[in-house]
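Let's take a walk through this structure together, one stop at a time. Keep the picture open and turn it as you read.

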Amino acid sequence: MKKLLVALLSVGALLSGSVLAELDNPGGTGGLESLRGATELEDTRPADSFKKYPREQVLDSSFVYQPPLIPHNIRGYEVSLNANKCLSCHSWKNAKEMGATKISVTHYVNREDAVLSDVSPRRYFCLQCHVPQANAKPLIKNNFEAVDSLK
Ligand code: HEC
Ligand code: HEC
């Protein structure tokens, strides 16, 4: 009974707290401008439209040892403890049959520089380094330029 009372009281406290917060802070964020535009906290803004993922490699590398961009859609591709969808096409075993590029030997080297017989754990989560190329405009301007040897 005592516990129930405490629970009821704290729910009450929470409720009156949120009512007060609303009075203190009308309009949520107050319409602060961000890279996504100004939205009030309590509004759900419409989702952005899907990006296009060109199928051929249209974006070249801009520095040596850049992980190549992914020239295909990866929506729904699972990379987890149980499965690695990327390797079902890109592993040395499957690449030929799937017509995909093999992962390179560097993906077999562990951090002690030993060459393993399977993908190195530090290369398992492909999307840490590889991202799909998309028709996305940079959110903010930048002056990055490719190294001379790749221009
Ligand atoms: C159904 C097979 C398939 C799956 C699954 C797949 N790929 Fe690919 N990938 C390809 C093929 C085929 C190519 C060759 C280019 C093309 O035709 O799109 C390619 C190209 C690439 C390239 C460019 C390689 C180069 O030579 O520059 C990268 C990087 C890549 N994929 C990464 C990934 C990653 C990361 C995943 C998982 C999120 C993944 N792929 C899942 C088939 C696949
Ligand atoms: C730690 C960063 C990193 C991770 C994680 C990683 N890669 Fe790479 N990958 C690279 C870099 C850097 C290159 C280019 C240089 C090289 O070949 O090592 C590359 C090259 C590739 C290539 C092109 C190989 C070639 O011969 O042109 C493919 C395909 C690829 N990676 C697929 C994958 C897949 C699939 C995974 C996940 C199983 C993965 N990578 C995980 C960094 C990474």
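Start with Ser120, which counts as buried because its relative accessibility is 1%, and anything under 20% goes by that name. Keep in mind as you look that this is a predicted model. You'll find Ser120 in the segment after H3. What is Ser120 in contact with, leaving aside its neighbours within four places in sequence? The answer is a run of residues: His107, Tyr108, Val109 and Asn110.

One of those contacts, His107, takes us to ligand 2. The iron atom of ligand 2 is coordinated by the NE2 atoms of His107 and His130, at 2.0 Å. This pair links distant parts of the chain: His107 and His130 both sit in the segment after helix H3 (95–98), but they are 23 residues apart. Are these two histidines buried or exposed? Both His107 and His130 are buried.

Now look at the geometry around that iron. There are 6 donor atoms around the iron atom of ligand 2, and the angles they subtend run from 89 to 179°, which makes the arrangement octahedral. For six donors, that label asks for opposite donors over 155 degrees apart and all other angles between 65 and 115.

Zoom out a little and you'll see the rest of the surroundings of ligand 2. It has 21 residues around it, and the nearest are Thr106, His107, Cys126, Cys129 and His130. Some side chains also make polar contacts with ligand 2. An N or O atom in the side chain of Ser104 is 2.5 Å from an oxygen atom of ligand 2. The side chain of Thr106 does something similar, with an N or O atom 2.5 Å from a ligand 2 oxygen. For His107, the partner is a nitrogen atom of ligand 2, 2.8 Å from an N or O atom in the side chain.

Next, head over to ligand 1. Which residues supply the protein donors of the iron atom of ligand 1? They are His72 and His90, each using NE2, and they lie 2.0 Å from the iron. His72 is in the loop between helix H1 (2–24) and H2, while His90 is in helix H2, so the pair ties together parts that are 18 residues apart in sequence. Here, too, the arrangement is octahedral, because the 6 donor atoms around the iron atom of ligand 1 subtend angles of 87 to 178°.

How exposed are these two histidines? His72 has a relative accessible area of 21%, so it is partly exposed. His90, at 23% relative accessibility, also counts as partly exposed.

As for the company ligand 1 keeps, 19 residues surround it, and the closest are His72, Cys86, Cys89, His90 and Thr101. A nitrogen atom of ligand 1 is 2.8 Å from an N or O atom in the side chain of His72, and the side chain of His90 has an N or O atom 2.8 Å from a nitrogen of ligand 1 as well. Thr101 joins in through its side chain, where an N or O atom is 3.2 Å from an oxygen atom of ligand 1.

From there, move along to Trp92, in the loop between helix H2 (87–90) and H3. With a relative accessible area of 38%, Trp92 is partly exposed. Its side chain reaches the backbone oxygen of Ile103 at 2.5 Å. Trp92 and Ile103 are 11 residues apart in sequence, and their C-alpha atoms are 7.0 Å apart in space. Leaving aside its neighbours within four places in sequence, Trp92 is in contact with Lys102, Ile103, Ser104, Val105 and Tyr108.

Another stop is Phe144, in the segment after H3. At 55% relative accessibility, Phe144 counts as exposed. Apart from neighbours within four places in sequence, Phe144 is in contact with Ser62 and Phe63. Phe144 and Ser62 are 82 residues apart along the chain, yet 9.1 Å separates their C-alpha atoms.

Ser62 also meets Gln66, whose side chain reaches the backbone nitrogen of Ser62 at 2.7 Å. Gln66 is in the loop between H1 and H2, and its relative accessible area of 16% makes it buried.

Finish with a charged pair. The count of salt bridges comes to 1, and in it the side chains of Arg111 and Glu112 meet at 3.9 Å, N to O. Both Arg111 and Glu112 are exposed.

Terms used
Residues numbered from 1 in each chain as written. Chains lettered and ligands numbered in written order. Predicted model: local features only at pLDDT ≥ 70, side-chain atom pairs only at ≥ 80, totals over all residues. Heavy atoms only, no water. Donors = N, O, S within 2.8 Å, 3.2 Å for Na, K, Ca; no water. Tetrahedral: all angles 85-135°; square planar, octahedral: opposite > 155°, others 65-115°. Helix = DSSP H or I, 4+ residues; strand = E, 2+ residues; numbered from the N terminus. Buried < 20%, exposed > 50% of the residue type's maximum accessible area, 1.4 Å probe, protein only. Contact = heavy atoms within 4.5 Å. Salt bridge = Lys/Arg side-chain N within 4 Å of Asp/Glu carboxyl O. Near = heavy atom within 4 Å. Polar contact = N/O pair within 3.5 Å; in protein donor to acceptor, adjacent residues only side chain to side chain.
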